[in-house]
Amino acid sequence: MTAPSVLIIDDEEIMRDVIARLLKRAEYDVEAVTAGEIGLQLLEEREFDLVLLDLMLPGMGGLATLDKIFEAQPDVQVVMITAYASIENAVTATKAGAFDFVTKPFKNDELLLVVKNALQKRQLEQENRRLRETLRKRYRFENIIGKNEQMQRIFDLIAQIGPRRSTVMISGESGTGKELIAKAIHNNSPRAEGQFLAVNCGTIPFDLLESELFGHVKGAFTGANSSKKGLFEVADDGTLFLDEVGTLPLDTQAKLLRVIQEREFRRVGGLENVRIDVRILAATNSDLKEAVEQGSFREDLYYRLNVINIRIPPLRERKDDIPLLAEHFIQRFREENASQPLTMDQAALRVLMEYDWPGNVRELENVIERAVVLAPESGVITEDLFPREVLESSSLSLEALKIGQNGASLKEQVQEFEKSLITAALRKTDGNQKQAAEILRVNPTTLNEKLKRLNIKIS
């Protein structure tokens, strides 16, 4: 195991030698220099775990050197060495990022203990950084985040099918991230250097849809003053993502089927066939099987598109991903808004976990962005920063109450509802029974009796 490396910056030769010998006997890898400028040069050349920095240096002073040290190696630990007369400056240095300070004259054991503690902090920070990186790699795929078992299976499937050319149908509710999945498939394919084009079939007027997809020749229709390539032609050697494919009219579906089967098409108004090599990925938030049965979607096209199916679970089915997603969005919006470091308190996280997220990940993203923008100077995101519908639904979710299920009697259902209200009030007041009683407008004694009768535990 490599010995921890320590850099000593002190202009007093005797002090420098004493510290160096002491640390070498403790089996540290030690370098010692006489000035801040020399120390900074060494820091540019190699990495150190710890710097012992004298506060009173000739030339560049200790405080100025401290700033430059963190510029060179932001993660290094620094311990200041100072005389009694300059303790005030040493305190200033600790506020600027130094781990601790040691006053002259010091006891050997005292210095060794400070060095040991500083190095332990360095090791802990490195382990935490490695853990975060491991979690990031393990629970992220492209820009998709999820440790949920269903999401992990999707990640494995993307890696498996990415190199193939098969068509893929991505199904899921609005806001679940279907386009992100499509991009991940494209980026993990041999077509990654080619175009990835996405089109929402439901937002293009029917009279323009075929021109948008297949292009047109000059004079094909009124306003076609020049020829135009369609998305299939532009995406040649790449990937075309057809979102909401179930909204395509039947005549366009027939042309799409021909493209899949023959890998060629004709521009609107054109006579020549255009050959293309495009991988098609499709997505829908509706039941295409039902559309086939109703005759609004071609059965042969359905099976051509549905060679491989990826179903993205709604957020309510992967609530264990909410903390990861929330942290990701907090960091992203904090950086975009150049705001202070932010954390979320446990009560706010519980609210997010209890809400059913009808708008899925997109809705969570919007809620977190709002909270980051409105966050107070304390840097703590609390539940009062969330929209009313999130707070109300999390407290009074009928699904959570299981009303009418399991043959529960009216009395049992009322008790469950009452228990939910009391629990929500206690959560809002962090377990303060008096404040919860005020919210519920009951006597504190009455509330205490209900807690016992309903077997409500206060965490």
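The following paragraphs describe the overall form of a predicted protein model and then its nonpolar cores. In this model, local features require pLDDT of at least 70 and side-chain atom pairs pLDDT 80 or more, whereas totals for chains, interfaces and linings use all residues. Residues are numbered from 1 along each chain as its sequence is written, and side-chain values use heavy atoms, without hydrogens or water.

The protein chain contains 20 helices and 18 strands, taken as DSSP runs (H or I, at least four residues, for helices; E, at least two, for strands) and numbered from the N terminus. Its radius of gyration, taken over C-alpha atoms, is 32 Å, well over the 23 Å that the globule rule (2.2 Å times the number of residues to the power 0.38) gives for 459 residues, so the chain is more spread out than a compact globule. The C-alpha trace spans about 90 × 70 × 40 Å along its principal axes.

Of the 459 residues, 43% are buried, that is, under 20% relative accessible area with a 1.4 Å probe, protein chains only.

The largest nonpolar core (buried Ala, Val, Leu, Ile, Met, Phe, Trp, Tyr and Cys residues joined through side-chain atoms within 4.5 Å) has 32 residues. Those with the most contacts (heavy atoms within 4.5 Å) inside this core include L213, F232 and L256. Elements giving two or more residues to the core include α8 (206–214), β12 (239–243) and α10 (250–262); α10 gives the most, with four. Beyond its neighbours within four places in sequence, L256 touches F214, F232, L242, V245, L248, I280 and L301. Another core, of 27 residues, lies apart from the largest one and includes F329, V351, A371 and V372.

Definitions and conventions:
Buried < 20%, exposed > 50% of the residue type's maximum accessible area, 1.4 Å probe, protein only.
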